[in-house]
Amino acid sequence: MACNRSERLMKLGERLRLYNTINTQIQEFVPKNQELGANQISNNTNSNRAAVLVCLFEDSQGHLRVILTKRASTLSSHSGEVALPGGKVEEGDADDIETALREAEEEIGLDRSLVDVVTVLESFTAKKGITVIPVVGILWDRNAFNPLINTAEVASIFDAPLEMFLKDENRREQEFEHMGDKYVIHFFDHQTENEKYIIWAFTAAILIKAASVVYQRPPDFHERRPRFWNRSRQ
């Protein structure tokens, strides 16, 4: 697979392995995903913990793109919304990385052997108290990935430019208030050949963070995140 690894993408992978989070020390040239330092999960599965996969790849022009899904309309929560592949911790998951890779494989048929996990970002805590861990991985060869959608969970799969989550173009925002905390929810419009998608709220926030880390710059707009998203339950 080495022939499919661009020098630019390899340098990005090396840099992201050095990314330090508050609770996780990532070391350079880590040979195995399990050694990245992601939090180990006890045998007593935490139903309030989840992980998502921020899977990056290069398109034919060398631009970074991220894989996203549209949730099935039959799901009981967040039906029809855009999301990153992922889900709650299950018994048997060794760590957050294992959860993210397993969920991506179950939802869209992404073979975990195709993904090189390079870092784990700071956790986000949803309003209902679920802690979500973003796991960042590189898909070196997009052509090797043949999506197999689990229609019970996913309506469609698509990809978007990662850098769009730092730009003010195709972005809207709406102000909300929770317990005296005024915050902004961001909405990004993305048009593919067949459908128009809206990436917003929690998923948008994770992608803004991931893009900021990857491109080493803040977004062109003020985030104004809700405070409760930053409650860590690591």
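The lining of the second largest pocket has, by class, four nonpolar, three polar and five charged residues. For that count, Ala, Val, Leu, Ile, Met, Phe, Trp, Tyr, Cys and Pro are nonpolar, Asp, Glu, Lys and Arg are charged, and the others, Gly among them, are polar. Among the lining residues of this pocket are Arg8, His63, Glu163, Lys167, Asp189 and Tyr215. The space in it comes to about 240 Å³.

This is a predicted model, in which local features need pLDDT of at least 70 and side-chain atom pairs count only at pLDDT 80 or more, while totals for chains, interfaces and linings use all residues. Residues are numbered from 1 along each chain as its sequence is written, and side-chain values use heavy atoms, with hydrogens and water left out.

On terms: on a 1 Å grid over the protein atoms alone, a pocket is an open set of points with protein on both sides within 12 Å along at least five of seven lines, a cavity is a set where a 1.4 Å probe fits but cannot get out, and lining residues have an atom within 4 Å of a point. Points are joined across faces, edges and corners, and a volume is the space filled by probe spheres set on them.

Now the largest pocket, at about 1100 Å³. It is lined by 33 residues, and the closest to its centre are Arg71, Ser77, His78, Ala126 and Phe202. Helix H3 (201-215) is one of the elements giving two or more residues to that lining, and H3 has the largest share, four residues. Helices (H or I, at least four residues) and strands (E, at least two) are DSSP runs numbered from the N terminus.

H3 comes up again in the largest nonpolar core, where it supplies the largest share, 11 residues. Such a core is a set of buried Ala, Val, Leu, Ile, Met, Phe, Trp, Tyr and Cys residues joined through side-chain atoms within 4.5 Å, buried being under 20% relative accessible area with a 1.4 Å probe, protein chains only. This core has 47 residues, and Val54, Leu68, Phe165, Ile199 and Leu207 have the most contacts inside it. Another core, of 19 residues, lies apart from it and includes Cys55, Ala104, Leu114 and Phe145.

Last, the cavity. The structure holds one of 30 Å³ or more, and the largest has a volume of about 40 Å³. Its lining includes Val184, His186, Glu223, Arg225 and Trp229. H3 gives the most to this lining, with three residues.

Technical notes: Buried means under 20% relative accessible area, exposed over 50%, partly exposed in between (1.4 Å probe, protein chains only).
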